[in-house]
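Me: I've got a protein on screen and I'd like to talk it through before I head back to the bench. Could you walk me round it?

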Amino acid sequence: EEKTMTDRKELESEIQEELGRKQYSLMNDELFGYVFGREERRDLTADLLGAVLEESFGHSITGISFRPAEEFPIHSDKDQFSRIAARCELGGDEHIFVELQLVNFMESTKMPLICCAMMLNAQPEHDIHPVATVSIFSYSLPGDEDWRSEYHFFNNETHHLLSNGLGIHFLEVPKFAKTVRKPVSEMTRLERWMEFFANRLSEEEKEELAKIDPAVGRAYAAAEDFFTDRENCRKYIRREAELREALAALRSSGDLS
């Protein structure tokens, strides 16, 4: 136990030194919640969700309101992820319920399906609206090499879409980080957001991206602002240490390559 405490202190000290060099992970839950879970920046959340969902639903997101994630309770002592629940307006009376999730070492990809079921169940039977989850993974899923995956209800033989009332979207940051970097001017809207999470751009490229896409630029600025508060720094360090310890344990057990 004493060695474990010493190891944790050394790890936290290492993370503190990284922050001193302005090296940090944009996949940290505390930082993620600060950038995308605050009322004053809900338009950034809407922009990110729009980059993922608008093609599927055929409408732009015109407004967003956050919903307490407790309305859709998920009970698990194994899964580690941040959840931001929202109602997204699509114009007129059309809207969808969405959960944006930052996923770290989640054991099962069934969890987004459970979240969709909870969102459907919370609605009145006479007024059911579409639901979707957008999961941003800090690790790679086995199988498909594409960094973006989208799931709906299809007929297995004809591929006819039964309904777009339920959508599950996976974004795998490590797979995206292995792709060839495009010039900022040639990136799609979603690629610009993925570059934000991958955090592999130079300062000059970030500045160029911010001029092209002010929403992503504001997200970078919010991340910088997060670290001006000492308590935020402490929360970040604690969570980052937990994530790295969990990653090390998974690798040592052979559950993660």
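Reply: Sure, here is a run of questions and answers, starting with the overall picture and moving on to helices and single residues.

Me: What kind of model is this, and how many helices and strands does the protein have?

Reply: Keep in mind that this is a predicted model. Buried residues make up 46% of the 257 residues in the protein. Counting up the secondary structure gives nine helices and six strands.

Me: What share of the contacts between residues at least 6 apart in sequence join residues at least 24 apart?

Reply: Contact here means heavy atoms within 4.5 Å. Take the contacts between residues at least 6 apart in sequence, and the share joining residues at least 24 apart is 64%.

Me: Is α2 largely enclosed or not, and which of its residues are buried?

Reply: Buried means under 20% relative accessible area. Six of the eight residues of α2 pass that test, so the helix is largely enclosed by the rest of the structure. The buried ones are Asp29, Leu31, Phe32, Tyr34, Val35 and Phe36.

Me: Which backbone nitrogen does the side chain of asparagine 28 reach at the start of α2?

Reply: Asparagine 28 uses a side-chain oxygen here, and that oxygen comes to within 2.9 Å of its partner. The partner is the backbone nitrogen of glutamate 30.

Me: Is α2 parallel or oblique to α8, and which handedness does the crossing have?

Reply: The two helices pack at an angle of about 125 degrees, with axes 9 Å apart. That angle makes α2 oblique to α8. As for handedness, the crossing of α2 past α8 is right-handed.

Me: Which residues meet there, and what classes do they fall into?

Reply: From α2 come Glu30, Leu31, Tyr34 and Val35, and they meet Ala219, Ala222, Ala223, Asp225 and Phe226 of α8. Sorted by class, the contact of α2 with α8 has seven nonpolar, no polar and two charged residues.

Me: How do α3 and α8 lie relative to each other, and which residues make the contact?

Reply: The axes of α3 (residues 42-57) and α8 come within 10 Å and cross at roughly 125 degrees. The two are therefore oblique to each other, and α3 passes α8 in a left-handed crossing. The contact is made by Asp43, Leu44 and Asp47 of α3 with Ala215, Arg218 and Ala219 of α8.

Me: And by class, what is in the contact of α3 with α8?

Reply: Asp, Glu, Lys and Arg count as charged. On that basis the contact of α3 with α8 has three nonpolar, no polar and three charged residues.

Me: What about α7 and α8: at what angle do they pack, and which residues touch?

Reply: Helix α7 (residues 203-212) and helix α8 (residues 214-226) have axes 5 Å apart and pack at about 130 degrees. They are therefore oblique to each other. The contact is made by Lys206, Leu209, Ala210, Lys211 and Ile212 of α7 and by Pro214, Val216, Gly217 and Tyr220 of α8.

Me: Is arginine 87 buried, partly exposed or exposed, and which side chains does it make polar contacts with?

Reply: Arginine 87 lies in strand β2 (residues 80-89). With a relative accessible area of 26%, arginine 87 is partly exposed. Its side chain makes one polar contact of 2.8 Å with glutamate 89, and another of 3.2 Å with histidine 95.

Me: Where is histidine 152, and which backbone oxygen does its side chain reach?

Reply: Histidine 152 is in strand β5 (residues 148-154). Its side chain makes a polar contact of 2.7 Å with the side chain of glutamate 150. At 3.2 Å, the histidine 152 side chain also reaches the backbone oxygen of leucine 166.

Me: What is the phi of lysine 22, and is the residue buried or exposed?

Reply: Most residues other than glycine have a negative phi. Lysine 22, in the loop between α1 (2-20) and α2, has a positive phi of about 60 degrees although it is not a glycine. At 64% relative accessibility, lysine 22 counts as exposed.

Me: And where is asparagine 199, and what is its phi near?

Reply: Asparagine 199 sits in the loop between α6 (189-198) and α7. A relative accessible area of 26% makes asparagine 199 partly exposed. Its phi is positive in a residue other than glycine, near 55 degrees.

Definitions and conventions:
Residues numbered from 1 in each chain as written. Predicted model: local features only at pLDDT ≥ 70, side-chain atom pairs only at ≥ 80, totals over all residues. Heavy atoms only, no water. Helix = DSSP H or I, 4+ residues; strand = E, 2+ residues; numbered from the N terminus. Polar contact = N/O pair within 3.5 Å; in protein donor to acceptor, adjacent residues only side chain to side chain. Axes fitted to C-alpha atoms, helices over the stretch in contact; angles between N-to-C directions. Parallel < 35°, antiparallel > 145°, perpendicular 65-115°, else oblique. Buried < 20%, exposed > 50% of the residue type's maximum accessible area, 1.4 Å probe, protein only. Left-handed = near helix turned anticlockwise from the far one by under 90°.
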